[in-house]
Amino acid sequence: MRPLRNPLIQKVLSSILTAWMRFCFATTRWTNEGREHAEGVWAAQGGVICAFWHSRIALSPASWDLTRAQPTKALVSLSSDGQFLARALAQQGFPAIRGSSANKDKGDAAKGGSRALRDGLRQLKVGGLAITPDGPRGPSRVMAEGMPLMAKMSGAPVVFIGVSCNPAIRLNSWDRAVLPLPFSRGAIVYDLARYPEGAEITEVTTAWAERLTAVEARADAITGLARI
């Protein structure tokens, strides 16, 4: 039995991870660029999609000020690892919607795509939805069409978020996930878009992937974290 499938182990480890993240975030020296984009959607309230690449899940709560932002949920996969992640994010103020925005050819029934789309659109009527559009299994920094489709159907703005810290731990996972260390230098870079009227999903997906990679690369350039 894999340890992360045990609910008790999940609960203990997610609590430890949450405490660690809060300590790291509190001791990090943060630099922000483009924060006015986030400030605008926080002030407007209502629906908004928060997008960041899968490797920055652990850093993402630092980018979204829940004391000012609309209530926000996170789209998390149905896997056992996803259940652990869902617990950790919920403890940081981001309840989970279970499902995936992964590519359509991976099997809608297996990944809960239809339910995720339905529940995601419902959430976007009242608040924020955090999505990793290359998750849950990659390829890294390759955007699936699920997120642009949600933006098109909901009319909600999309905030592209790049988060970085240095020094950091890089996991040997498919996405080379970044975990923060305390007393590091951090950067958060924001960009904003809406789905262009009449545009093709494939074109928007390609363009948005480039924009999301650009804000992440800019955040890494600020902190000096090596790009992988």
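In which helix does I16 lie? I16 lies in helix α1. The model discussed here is a predicted one, and this report begins with that helix.

**Helix α1 and its surface patch**

Helix α1 covers residues 7-27, which is 21 residues. At 1.5 Å a residue, a helix of this many residues should span 30 Å, and the end C-alpha atoms of α1 are indeed 30 Å apart, so the expected span and the model agree.

The residues of α1 include both buried and exposed ones. Q10, S14, T18, M21, C24, F25 and T27 are buried. I16, by contrast, counts as exposed because its relative accessibility is 52%, and the cut-off for exposed is over 50%. I16 also belongs to a nonpolar patch on the surface, together with L8, I9, V12 and L13. The accessible area of these five residues together is about 430 Å². In soluble globular proteins, nonpolar side chains tend to be buried together. The patch formed by L8, I9, V12, L13 and I16 lies on the surface instead.

**The nonpolar cores**

Which residues touch the most other members of the largest nonpolar core? They are I49, M147, M150, V158, F160 and W208, out of 30 residues in that core. Several elements each supply at least two residues of this core: the strands β2 (48-51), β5 (128-131), β6 (158-170) and β7 (178-193), and the helices α5 (113-123), α6 (146-154) and α7 (201-223). The largest share comes from α7, with 8 residues.

V158 can serve as an example of the contacts made by a core member. Leaving out residues up to four places away in sequence, V158 touches I49, A51, M147, A151, D191, L192, A193 and W208. Among these partners, I49, M147 and W208 are, like V158, in the group that touches the most other members of the core.

There is also a second core, separate from the one just described. This second core has 27 residues, including L59, L89, V178 and I188.

**Helix α2 and the loop after it**

Helix α2 runs over residues 35-44 and contains E36. E36 is exposed, because its relative accessible area is 54%. E36 and Y190 are 154 residues apart in sequence, yet their C-alpha atoms are 8.2 Å apart in space.

R35 and E39 are also in α2, 4 residues apart, or about one turn of the helix. These two residues form a salt bridge. R35 is partly exposed at 24% relative accessible area, and E39 is partly exposed at 22%.

The loop between α2 and β2 holds Q45. Q45 counts as partly exposed because its relative accessibility is 36%.

**Unusual backbone angles**

Most residues other than glycine have a negative phi, and most peptide bonds are trans. Four places in this model depart from that pattern. Q45 has a positive phi near 60°, and R141 has a positive phi of about 60° although it is not a glycine. The peptide bond from G138 to P139 is cis, with omega near 5°, and the bond from N166 to P167 is also cis, with omega near 5°.

Where are P139 and R141 placed? P139 is in the loop between β5 and α6, and R141 is in the loop between β5 and α6 as well. P167, on the other hand, lies in strand β6.

**Salt bridges**

Side chains of opposite charge can pair when their charged atoms come close. The structure holds 11 salt bridges. The table lists three of them.

| Salt bridge | N to O distance |
|---|---|
| R35 and E39 | 2.9 Å |
| R118 and D119 | 3.7 Å |
| R227 and D220 | 2.7 Å |

R118 is partly exposed, with a relative accessible area of 44%. Is D220 buried or exposed? D220 counts as buried because its relative accessibility is 2%, which is under the 20% cut-off. Its partner R227 is partly exposed at 35%.

The pair R227 and D220 is part of a network. Salt bridges that share partners join R56, R141, E216, D220 and R227. R141 thus appears in two parts of this report, because R141 is a member of this network and has a positive phi. R141 is partly exposed, with a relative accessibility of 23%.

Methods. Residues are numbered from 1 along each chain as its sequence is written. This is a predicted model: local features need pLDDT of at least 70, side-chain atom pairs count only at pLDDT 80 or more; totals for chains, interfaces and linings use all residues. Side-chain values use heavy atoms; hydrogens and water are left out. Buried means under 20% relative accessible area, exposed over 50%, partly exposed in between (1.4 Å probe, protein chains only). The expected span of a helix is 1.5 Å times one less than its number of residues. A nonpolar core is a set of buried Ala, Val, Leu, Ile, Met, Phe, Trp, Tyr and Cys residues joined through side-chain atoms within 4.5 Å. Contact means heavy atoms within 4.5 Å. Patches are made of residues with over 30% relative accessible area and no salt bridge: like charges are joined within 9 Å, nonpolar side chains (Val, Leu, Ile, Met, Phe, Trp, Tyr) within 5 Å. Accessible areas come from the Shrake-Rupley method with a 1.4 Å probe; for residues, only the protein chains shown count as cover. A salt bridge is a side-chain nitrogen of Lys or Arg within 4 Å of a carboxyl oxygen of Asp or Glu.
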